[in-house]
Amino acid sequence: MPARPLFSVRQLSKRYGDQTVVDKLSFDIEPGQCMGLIGPNGAGKTTTVRMCLGLIHADEGQVEFHGSGATLHMPQDQLAIKARMGIVSQFDSLDPDFSCAENLLVFGRYFGLRDAQIQPRIPKLLEFSALSSKAHARISELSGGMKRRLSLARALVNQPDLLLLDEPTTGLDPQARHLMWERLQRLVQQGTSILLTTHFMDEAERLCDRLIVIDHGRKMCEGRPRELIASELEPEVLEVYGAGALALHDSPLRALASRTEISGETVFFYTRNAQPLLQALSGQTQLRTLRRPANLEDLFLKLTGRQIREES
Amino acid sequence: MRPTATPPLSIWRSPRPSLRWVPVFRRNLLVWRKLMLPSLIGNIAEPLITLVAFGFGLGALVGQVQLANGQAVSYLVFLASGSICMSAMNAASFEALYSAFSRMQVQRTWDSIMNAPIDLDDVVMAEMLWASFKSLFATVVILGVMLALSISHSPYVLLALPLLALNGMVFASIALIFNALAKGYDFFTYYFTLYLTPTTFLSGVFFPREQLPPLLHTLSQWLPLTAAVELMRPLFLGQWPAQAAQHLLVLLSYGATSFYLALALTRKRFRA
């Protein structure tokens, strides 16, 4: 019998007028697991996270938290559930009038913690977020990456059982993202459970034990990243671009791939083995090719399509 | 397994009493301690300049003012007792409009607070009490200056403190209604020019209400600032206010109704 999940969502739905934003979504988060919720803009990720917090009222479904004590139910146990959670929301909401250390102190007080409990945690949290030297710096002096790390430190001040991270690295440069990932991996290793939303597939692949792909509020698939890729996709992808590449899509070469796709000026061949294709194309020097293993991004695009989504 | 979740709670439900507003209040207090000097100058300098300019300048021309009960008092005392209520009103209104709106909408401070185990109700309560506290603090300093200027010697002036606190709560609550409805800062200009400024002139701060045309006089009787001024002025003169119960009731009714309405409208604003 599997261990009891820490957090479970059952048949969660949200409608605004005629539009169904989240549609009968169910998932569990096991203790110590990092669960990724991935989907394009407007797929319902943030709405789901906010329903998990009771900040948006769910039209249907249940959100339950199974901590050490009795099971807690949203919305009636909202405050008790939030007391066990740490949240990094999509937009920084740090207090601009406070230093880094004061941000942590003030936020800890919201959890009913005494200053004597919070103060010893502050240097550790600042160290964890690589901000020890910025303890007394104002928020306006911090870079984007530092602000996100301070938001993460703030979410840890109550020593939560579950972290909810809504697009934690959106807008960060590669260095800042890698540092953020490193810290999140450290948290997972220490046993913190995480629910992460993202539309960066490398982030999801790197951090998440399990993934749910959602689009239009519906679950498209769920599983471990590598297993999902293996079960849904051909192992290899050959990208072909350059003059005349698009004509290949309708050529006999297509028979060498199990599936093809066009995006812009590039043709994607999904195949068990790209070698025969590469040989067939070797004479056509005007074409550029890229052979690579199938990845999560291919899966994501297969499930959610290649059309551009406007910010909702 | 239940097929549906509970229906959304009514915005008109009664507030659940709790002390969770305390850390939110302390947050505002900590910010204010850092910015206290400029903030105090704004809240105190202007009322004192008004008092000096009108009280000594106009007071020299006007001399004495006759109250409704026939008593004649110096214009300076008349103005001081009225303008302190006006200062309390302005300070509370400003805080619960511009500053609360910044925290609610611009800085997303309320959103981050509600990520912790704190309700919207607690945040609204904290904002109301905070605006009243800030208004009380400013008016206490003004009152101190007035006492130093020997504008009043009455021990009754001590009663001004709870009265100023109540006055601050009333106007903070009214302001929070408009905060809940605001789309941007511009909206508050209407509140100041269309409500607070006329209220000031109708409530007997600068001149006795008896000077008003009969209709406005009757109307002004039920304004919250009138109630505060009618209670405050006798305290400056060392007298117990006439119709104290009625004026208190007016203030309490405005306070309770406005706070409830502000809470409901803020819940509506945040409902999703």
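Start by selecting chain A: of its 312 residues, 40% are buried, a term used here for a residue with 20 or more other C-beta atoms, placed from the backbone, within 10 Å of its own. What you see is a predicted model, in which local features need pLDDT of at least 70, side-chain atom pairs count only at pLDDT 80 or more, and totals for chains, interfaces and linings use all residues. Residues are numbered from 1 along each chain as its sequence is written, while chains are lettered from A and ligands numbered from 1 in the order in which they are written.

**Stop 1: chain A as a whole**

Zoom out first. Along the principal axes, the C-alpha atoms of chain A fill a box of roughly 75 × 45 × 40 Å. Colour by secondary structure and look for eleven helices and 14 strands; these are DSSP runs numbered from the N terminus, with helices (H or I) of at least four residues and strands (E) of at least two. Next, colour residues 7–230 as domain 1 and 234–293 as domain 2, bounds that come from an automatic or database domain assignment. The C-alpha centres of these two domains of chain A are 40 Å apart.

**Stop 2: three strands of chain A**

Select residues 7–16 and 19–29 of chain A, which are β1 and β2. The two strands pair (DSSP finds at least two bridges between such strands) in the antiparallel sense, over seven bridges. Which residue of β2(A) stands opposite A:Phe7? Click on A:Ile29 to find that partner. The hairpin has two residues between its strands, and A:Gly17 takes a positive phi near 65° there.

Now add residues 60–66 of chain A, strand β4, joined to β1(A) by five bridges and also antiparallel to that strand. On this side, A:Val9 has A:Val63 of β4(A) opposite.

**Stop 3: A:Asn158**

Go to the loop between α6 (144–155) and β7 (162–166) of chain A, where A:Asn158 lies. Is A:Asn158 buried or exposed? A:Asn158 counts as buried because 23 other C-beta atoms lie within 10 Å. Show its neighbours: leaving aside residues up to four places away in sequence, A:Asn158 touches A:Ala83, A:Gly86, A:Gly108, A:Phe111 and A:Leu113, where contact means C-beta atoms, placed from the backbone, within 7 Å. Try a distance label too: the C-alpha atoms of A:Asn158 and A:Phe107 are separated by 8.8 Å, although their positions lie 51 residues apart along the chain.

**Stop 4: where the chains meet**

Bring chain B into view. Here 24 residues of chain B are in contact with 26 residues of chain A. On the chain B side, α1 (21–34) and α4 (109–113) each supply at least two residues, and α1(B) gives the largest share, six residues. For the complex, the predictor reports an ipTM of 0.90 and a pTM of 0.91.

**Stop 5: a helix of chain B**

Finally, select residues 244–270 of chain B. This is helix α10, whose 27 residues reach 39 Å from first C-alpha to last. Among its buried residues are B:His247, B:Tyr254, B:Phe259 and B:Arg267. To see what covers the buried residues of α10(B), turn on α5 (120–148), α6 (160–181) and α9 (224–236) of chain B, which are included in that cover.

Before leaving, colour chain B by pLDDT, the predictor's confidence in each residue from 0 to 100. The average for chain B is 92, and 98% of the residues score at least 70. Among the elements of chain B, α2 (residues 36–62) has the lowest mean, 84, and α6(B) the highest, 97.

How values were computed. Two residues are in contact if their C-beta atoms, placed from the backbone, lie within 7 Å. The expected span of a helix is 1.5 Å times one less than its number of residues. A residue is buried if 20 or more other C-beta atoms lie within 10 Å of its own, exposed if 12 or fewer, and partly exposed in between; C-beta atoms are placed from the backbone.
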